[in-house]
Amino acid sequence: MIMTLVETFQPGSLVKARGREWVVLPDSEADLLHLRPLGGSDEDSTLIYVPLEATPPVPATFPPPNPEMAGSQAAGLLLRDSLRLKLRAGAGPFRSFGNISVEPRGYQLVPLLMALKLDIVRLLVADDVGIGKTIEASLIARELLDRGEIQRFTVICPPHLCEQWQQELATKFNIQTEVVRTGTAGRLERGLPVGKSIFDVYPFTVVSLDYIKSDRRRDEFLRACPEFVIVEEAHTCVQAGTGTKHQRFMLLKGLAENPNRHMVMLTATPHSGDDEAFHNLLGLLRLDFRSLLDLPDKQREKLRQELALYMVQRRRPDIAEWKDATIFPDRKTAEATYLLDGAWGKLFDEVLTYARQMVERAEEKGLLQQRMNWWAALALLRCLSSSPAAASIALRTRLKAVEGVTESDQAAGVDRQAAETVLDGESDDLLNLDEAVPAGTVDDADGADAKILKGLIERADALKGPKNDPKLGKLLEELLKLVDAGHNPVVFCRYIATAHYVAEHLAEMLGRKGVEVIAVTGELASEEREEKVGSLMDFDRRLLVATDCLSEGINLQGLFDAVIHYDLSWNPTRHEQREGRVDRFGQRSEVVRALMLYGENNPVDGAVLRVILRKAEQIRKQLGVLVPLPADTNKIMQAIMEAVLLKGGSIAAPKQQLDLFATQEAEVETAWESAREKAKQSQTIFAQRRLRPEEVLPEWQKAVAVLGGEDDVERFVQTAVERLGAPLEKGSNVYRLPVEHLPIGLKERLKAVGITKGLKVSFRNPPAAGVEFIHRSHAMVSTLADHIVEVALAGENSDLAARSGAIFTKTVSVKTSAYLLRLRSQLTVEVREDTRFVPSSVLLSEECVVVASRGTGSPNLLTNDEALTLMAAEPAKNMDPAMRRQQVEAALGRLPVLQDLFADVANRRATELLEDHKRVRQASDAKGIRYSVAACLPVDVIGVYVLLPSVSL
């Protein structure tokens, strides 16, 4: 309930307390005022408990500028820029843009506008890999927070993505979250009040899906879950089944059953070939969408049109009409082949023969032994195709089995477990990092198998190195071309042993050319992987060798611009994920290279290429987006490998291999064509072409006009540090900011926000590797702006930032007086409860504007460009100090007369603010949300500047 004291000191009003002036912030109560210093930022805010104050707070008035402290026009412009860039709750159609550290691209606003049209936000964002789904979802969360419509939210994601989400929310959206998973939950739960959960106490969380899905934790989470939920990789949570799959689906189903919960679900592959899973996903948006699976065509089309309000799915070509389309590089794909010949080819044929014998010998035995030997044989072939190092490990694993170390006690889940370690289909853990190789079972009473295996191991070990390993030799040849062309590549391998083997030899060979080479595998924890990748930032020429632990989770576009598939993935989705780590939003290179390396006469590579990968690439080029394999990937791969293992053939006769996969190829072709047509139809309706650039971009431009964009930030920082004695040092496409030369007091403030030494900076996003992007809410900008405004309002240094001034200039033809005003508006949000509306939150909006009067005429509100032109006017000649003071005093003398006109400007802007909010948030009175806006008067007059025409003599 709002009480008398809060009615006296409404949000936005000025009070004097403790000997200084403050702005009253939202959330003030009867006896407790939430205050921000008049010249400070929200970080400097404090709470005052009124009954304990020796002198009660009283209304304050804003002092006018002092004509004795007049300064230059440039000092006035710097003050205006400081005020604009300090704004966090800026007026305009969006509440959140002052609190984010990234300028969203126009097309990334589409999901936000879709969400704001819904009373309860239920959205499926299924944009292509690399378009920016994390930014799109986070924008929605930040906007609802800043509108006061939610107070808490959580992100549910795979465990390996927790830190990435935490970092993205902190660095780009200024939201500090707690990661909740097995390793952190105990710490977070310590000291909690009785009856409270982590989610009651910590408003913003990133939750591991594997931690929260269990039956034991799910019920408590459903009780305490925040009102807004983001679900990452949502398609993995809706598959039918038992165990883990069932737990995931029950978790999301339980969340969706709360009709008031906002949910945004993210996936690049909403339909991964499983119709039931896809429609389970749609049912989380609205229950009746689940019935799309069985409806007749006419009814289905009508419901699909309604679904388009809840789902957005765009590929790269779908955003070609946006001005931002050039931010995506041109992906150029190629293939490179090598021959398995000589000692390597002979070894491959012998292992292939041995693998077939393993399968054949188990045919007369029980089902368990048949399956275990099948997987062991398949693992041998796959490891042998990868590298001598991986082959050696696989053969040694097999040797242990024949010497008596078996896994029969683990027989119950052999098919599922082996499939996850040998194949690349969707696993329950989203991204399987276990690269153990199944050993199989044997009866080796006479020791023949052991003797054969020991010989094969010895020969595999002898093949290590580029001289004997044609695959490694071909990789080096291709890498030299890429490195010489200026590319920084990522080499993806299937096995840990292969990654270390490749990295070791490449480091030796490419180190001579100044290329830093490291390997990152699933042996490292996610934080360690990210730290190790980040260490390459210090090197201009870099190469990363990685397993598929990096095909999801860590974005690599800032450091790399080429991908080599050293080992072919047996799932085209994984191939796309690998390339998508580099070819994505934020890639600075115009061209990204992707190369598939494979054995020209290797039957394993040939099968995968012919039936799976080339068809997937063909469809991707036709549609511009990957279409997932339209069936169970693991079953398809098993069928293909059965052809390799059981139908004969050898690497010596590659042409005979063409007929081995005909049946599987025909079946996959038919299913894939059907999936392609469905994907094509979905793109037509879910690309959201009804929200066009000419409708969306003006909303963003309004926000930039109020808050300031990249050009304003660059101008401000350059001017500010130059006037503070530490000008930027221009480098190649970057600047160096010499923090060490700034005033001591300012350096201390920067130290408090973690800036202690000179920085390489850029004012354009994305920056180059090792360069800091300076955006409007960067700590450097906000600290500089706070310092400058405080100095100006205290009247301490008009040479730095001036509240008044007068100049002769050629910019005007008649005397023009410019008034720099700070407007504040109180925005009240009401929600419907039963039959009436009740206040939900009171918010504060601020903006900095310039009004100007020509001669003695009434002042007019200037556009952003007009204000910049006037405030940046160059002086044409010197003005006597006495004349300057006289001109400023005359302009100040008009203030009593102008206050009513300034109030009209403030009321008009408040009305426009209300219209903006109601336009973009189309949850109208009938939907349960109502807004009202009132200007806070009187208006703050921050600066007065007089421009006189320069008369040529």
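Helices (DSSP runs of H or I, at least four residues) and strands (DSSP runs of E, at least two) are numbered from the N terminus. Residues are numbered from 1 along each chain as its sequence is written, and side-chain values use heavy atoms, with hydrogens and water left out. The model is predicted: local features need pLDDT of at least 70 and side-chain atom pairs count only at pLDDT 80 or more, while totals for chains, interfaces and linings use all residues.

**View 1. Leu 352 in helix 13 and its distant partner in sequence, Val 644.** Start with helix 13, which covers residues 342-361 and includes Leu 352. Is Leu 352 buried or exposed? With 1% relative accessibility, Leu 352 is buried; that word stands for under 20% relative accessible area, with exposed meaning over 50% and partly exposed anything in between (1.4 Å probe, protein chains only). Now look for Val 644, which is 292 residues from Leu 352 along the chain. The C-alpha atoms of these two residues are separated by 9.1 Å.

**View 2. Helix 2, a largely enclosed helix.** Follow the 14 residues of helix 2, from 73 to 86. From the first C-alpha to the last, helix 2 reaches 20 Å, close to the 20 Å expected at 1.5 Å a residue. That expected span is 1.5 Å times one less than the number of residues. How many residues of helix 2 are buried? The count is 13 of 14, so helix 2 is largely enclosed by the rest of the structure. As you trace the turns, remember that an α-helix has 3.6 residues a turn, so residues three or four places apart point the same way.

**View 3. Strand 29 and its partners, strand 23 and strand 24.** Strand 29 spans residues 940-949, and nine of its ten residues are buried. Strands count as paired if DSSP finds at least two bridges between them. Strand 23 (residues 804-809) runs parallel to strand 29, with six bridges between them; look for Gly 805 opposite Tyr 945. Strand 24 (residues 816-833) is antiparallel to strand 29 and joined to it by seven bridges. Here Thr 816 stands opposite Leu 947. In general, strands of a sheet pair through backbone hydrogen bonds, either parallel or antiparallel.

**View 4. The cis peptide bond leading into Pro 938.** Just ahead of strand 29, Pro 938 sits in the loop that follows strand 28 (929-935). Which residue does a cis peptide bond join to Pro 938? The partner is Leu 937, and omega is about 0 degrees. As a reminder, most residues other than glycine have a negative phi, and most peptide bonds are trans.

**View 5. An open sheet of four strands.** Read across the sheet in the order 19-20-21-22, and you will find that the pairing is mixed. Strand 19 (729-730) and strand 22 (772-773) are the edges, each pairing on one side only. Strand 21 (residues 759-762) and strand 22 run parallel and share two bridges. To find this pairing, place Val 761 opposite Glu 772.

**View 6. A cluster of rings: Phe 153, Phe 204 and Phe 228.** The whole structure contains seven aromatic pairs. Rings of Phe, Tyr and Trp (its six-membered ring) pair if their centres lie within 6.5 Å; planes under 30 degrees apart count as stacked, over 60 as edge-to-face and the rest as tilted. One of these pairs, Phe 153 with Phe 228, is edge-to-face, at 6.3 Å centre to centre with 90 degrees between the planes. Why does this pair tie together separate parts of the chain? Phe 153 belongs to strand 7 (residues 153-157) and Phe 228 to strand 10 (residues 228-231), so the pair links parts that are 75 residues apart in sequence. Both Phe 153 and Phe 228 are buried.

**View 7. Two residues with positive phi, Asn 174 and Glu 233.** Asn 174 has a phi near 50 degrees and sits in the loop between helix 5 (162-173) and strand 8 (178-180). With a relative accessible area of 38%, Asn 174 is partly exposed. Glu 233 has a phi of about 55 degrees and lies in the loop between strand 10 and helix 10 (244-256). Glu 233 is buried, at a relative accessible area of 16%.
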